[in-house]
Amino acid sequence: MQFHHYGYISCDPRIKTATGTGLNRPQTLPEEVDVLIVGTGPAGMMLAAQLAQFPSIATRIVERRAGRLEIGHADGIQARSVETFQAFGFADQITAEAYRITEMAFWKPDSQMPKNIKRAARTADDPQGISEFPHLIVNQARVLDYLAEAAHNGPARLKPDYGFAFESLTISDANEAYPVTVTLRHSTGENEGQDKVVRARYVIGCDGARSGVRTAIGCKLAGDQANHAWGVMDVLAVTDFPDIRTKCAIQSHEGGSILLIPREGGHLFRMYVDLGEVPEDGGNKVRETPIETIIAKANEIMHPYTLDVRHVAWHSVYEVGHRLTDRFDDVEDASSGRLPRVFITGDACHTHSAKAGQGMNVSMQDGFNLGWKLGHVLTGISPASLLSTYSAERQVVAKNLIDFDKEWSSMMAKRPEDFEDPSALEDFYTRTIEFPAGFMTEYQPSLITGGNRHQALATGFPIGKRFKSAKAVRVCDGNPLHLGHLAEADGRWRLYVFADSATVETSSAVDKLADWLKTSDSSPLQVAPQPEGLSSWFDVKVIYQQPHEAVDINCVPNAFKPEVGPYSLINLENVFGTLSDDDIFEARGIARDGAVVVVRPDQYVAHVLPLSATDELADFIKPIFQA
């Protein structure tokens with residue numbers, strides 16, 4: 001983390017200096033805003049945390065509740081989400097308080113005594129080592145707290161406006177500055193029941209499966225119901241089940257299945273308890289299943305072990321359903337040329353079972369994807385057409401999620417004897433681990449994602465997939481660091497320049513690229529006005545093939561040592577060498593002739609290019625930064 005840019009500070013460096021809208025933020029919800037976010041769920045708070053980094057944008061987030069969420073229903077935090085939290089500055093904190101999943105146990109009927117269950121297998125949670133980040137379990141309410149803190153610590157000082165329920169919206173056909181008119185209703189306080197009208201440039205519905213914003217723009221969830229019910233409970237209990245603090249899939253001979261998820265804090269755990277098939281007209285009745293019935297069913301499945309529940313923190317009953325909207329914005333006809341003004345995220349546009357642990361995670365990535373794009377458009381550096389990529393990119397992700405969840409949830413509901421292969425469940429879990437970990441997303445070529453013509457130059461950084469971090473050694477201080485962990489969620493793009501084999505003292509392709517970056521009008525460093533507090537919309541790092549002690553930092557081109565802050569201090573922290581026992585060039589398949597890896601603000605690889613391909617780099621960047 002870098003600070004002291006503007007002089008010495010002794011307070012918490014995570015709290016950014018208030019600027020722009022953060023200086024005189026109105027205490028009451030204004031009548032006109034740039035962005036109105038409806039709902040403080042995972043997607044909404046991720047959007048708020050990202051947009052808080054753009055202090056010139058007037059953003060407000062409204063919530064019908066009177067205050068913060070106290071009991072969250074979601075709890076699984078996949079490695080991709082922790083990777084994202086790293087960019088927002090709280091990955092270490094949330095990891096410290098969370099439960100960490102390192103393995104999963106599979107319990108099945110004992111072949112000798114079928115009415116009893118017996119542990120059949122243990123599998124590592126990440127057997128392929130696809131991420132250096134952990135798989136966590138922590139209450140959704142705490143995730144929202146951390147995102148709220150990140151939003152309020154941002155230069156825009158963004159915080160929720162509680163006590164406002166969404167009622168309706170209209171979109172003007174006229175070319176108005178604030179074309180979306182939203183009617184809200186005070187849901188709490190002295191003005192309860194009264195309406196409040198807010199006009200906005202853009203509106204985002206993060207208001208859940210019963211989304212009013214979705215209804216207002218004419219989107220409908222389409223899909224199917226599995227007619228299979230599950231009871232879910234967060235409980236404190238005394239039990240002789242030996243794996244009560246291990247994630248488990250438990251299948252009994254006749255009594256159904258349980259998915260067991262230990263929770264943070266050392267004692268609490270969650271159980272998804274199979275309640276069986278539901279008649280087509282029996283949904284209302286099954287949702288009234290009392291907690292005593294769920295507990296009794298759990299004991300039946302776990303025989304010969306017993307579960308003595310002492311406290312129920314929360315419980316519910318749900319039927320598995322898989323639904324998806326055909327679009328994630330208000331543009332009904334993409335060929336019309338009309339650009340979106342209203343968007344929906346998370347459960348408002350995709351619903352599925354909870355057992356794959358994807359709802360909160362995918363919703364947050366919806367918000368991360370959309371947030372920086374709104375930031376670029378509303379600061380005036382990118383065309384409004386950039387916003388059309390949100391629905392195009394995220395709907396495909398949601399469809400893939402639903403297809404995966406259908407298979408996983410149907411397998412969880414099967415009886416052991418219905419599997420042709422007795423190890424099919426654990427094999428599926430191990431084989432598909434990259435998907436639920438959040439790393440299978442692969443965006444297709446678009447305005448912000450290039451083609452794969454030069455992919456061979458960096459095979460370990462697939463274009464369209466998230467930048468998979470690896471270690472290099474920072475030259476100025478000799479610290480071995482993960483490159484990806486240094487990327488903040490500040491709305492900036494990243495250029496990772498992997499040098500050719502020439503030494504830093506020798507004229508090379510890197511020197512020519514650096515000169516172009518510094519002096520050319522077509523350079524990414526020159527294409528847009530500099531945002532306040534940043535030296536550029538691009539964070540440029542160079543990685544030499546030599547070990548750090550062989551790199552003379554005084555010979556490194558100035559393009560990789562930018563001046564920052566009012567004192568024109570020189571940033572020396574963007575220059576790296578390789579580790580002798582973990583060469584990043586080998587680890588990520590980077591050609592010894594070098595390569596430029598372009599990474600989007602949401603950490604996805606946008607392009608891979610040769611060091612000499614300055615025209616191609618300019619052609620790719622120019623339309624993105626041409627408002």
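The following exchange between a trainee and a mentor goes through selected local features and one sheet of a predicted model.

Trainee: Is threonine 325 buried or exposed?
Mentor: Threonine 325 sits in the loop between strand S16 (307–324) and strand S17 (342–344), and its contacts, leaving aside residues up to four places away in sequence, include Arg214, Leu221, Ile344 and Gln395. Its relative accessibility is 1%, and the cut-off for a buried residue is under 20%. Because of that 1% value, threonine 325 counts as buried.

Trainee: Which residue offers its backbone oxygen at 2.8 Å from a polar atom of the threonine 325 side chain?
Mentor: A polar contact requires a pair of N or O atoms within 3.5 Å, and the distance here is 2.8 Å, from a polar atom of the threonine 325 side chain to a backbone oxygen. The residue that carries this oxygen is arginine 327.

Trainee: What is the omega of the peptide bond from histidine 303 to proline 304?
Mentor: Most peptide bonds are trans. Proline 304 lies in the loop between helix H7 (291–302) and S16. The bond that leads into it from histidine 303 is cis, with omega near 20°.

Trainee: What is the phi of glutamine 603, and where is this residue found?
Mentor: Most residues other than glycine have a negative phi. Glutamine 603 is found in the loop between strand S26 (595–599) and strand S27 (605–609), and it is buried, with a relative accessible area of 9%. Its phi is positive although the residue is not glycine, with a value near 80°.

Trainee: Which strands are the edge strands of the open sheet with the order S20-S19-S25-S22-S21-S26-S27?
Mentor: Seven strands form this open sheet, and their pairing is mixed. An edge strand pairs on one side only, and this holds for strand S20 (480–482) and S27. Neighbouring strands of the sheet are turned against each other by 30° on average, direction ignored, and the edge strands are S20 and S27.

Trainee: How many bridges join strand S21 to S26?
Mentor: Strand S21 (residues 493–498) and S26 run antiparallel, and valine 497 stands opposite valine 596 in S26. Two strands pair if there are at least two bridges between them, and the number joining S21 to S26 is five.

Trainee: Which helix packs on the sheet and touches S21, S22, S26 and S27?
Mentor: The strands touched include strand S22 (538–547) as well as S27, and the direction of the helix makes about 160° with that of S27. The helix covers residues 614–621 and is H13.

Key: Residues are numbered from 1 along each chain as its sequence is written. This is a predicted model: local features need pLDDT of at least 70, side-chain atom pairs count only at pLDDT 80 or more; totals for chains, interfaces and linings use all residues. Side-chain values use heavy atoms; hydrogens and water are left out. Helices (H or I, at least four residues) and strands (E, at least two) are DSSP runs, numbered from the N terminus. Buried means under 20% relative accessible area, exposed over 50%, partly exposed in between (1.4 Å probe, protein chains only). A polar contact is a pair of N or O atoms within 3.5 Å; within protein, one must be able to donate a hydrogen and the other to accept it, and residues adjacent in sequence count only if both atoms are side-chain atoms. Contact means heavy atoms within 4.5 Å. Axes are lines fitted to C-alpha atoms, for helices over the stretch in contact, and angles run from 0 to 180 degrees between N-to-C directions.
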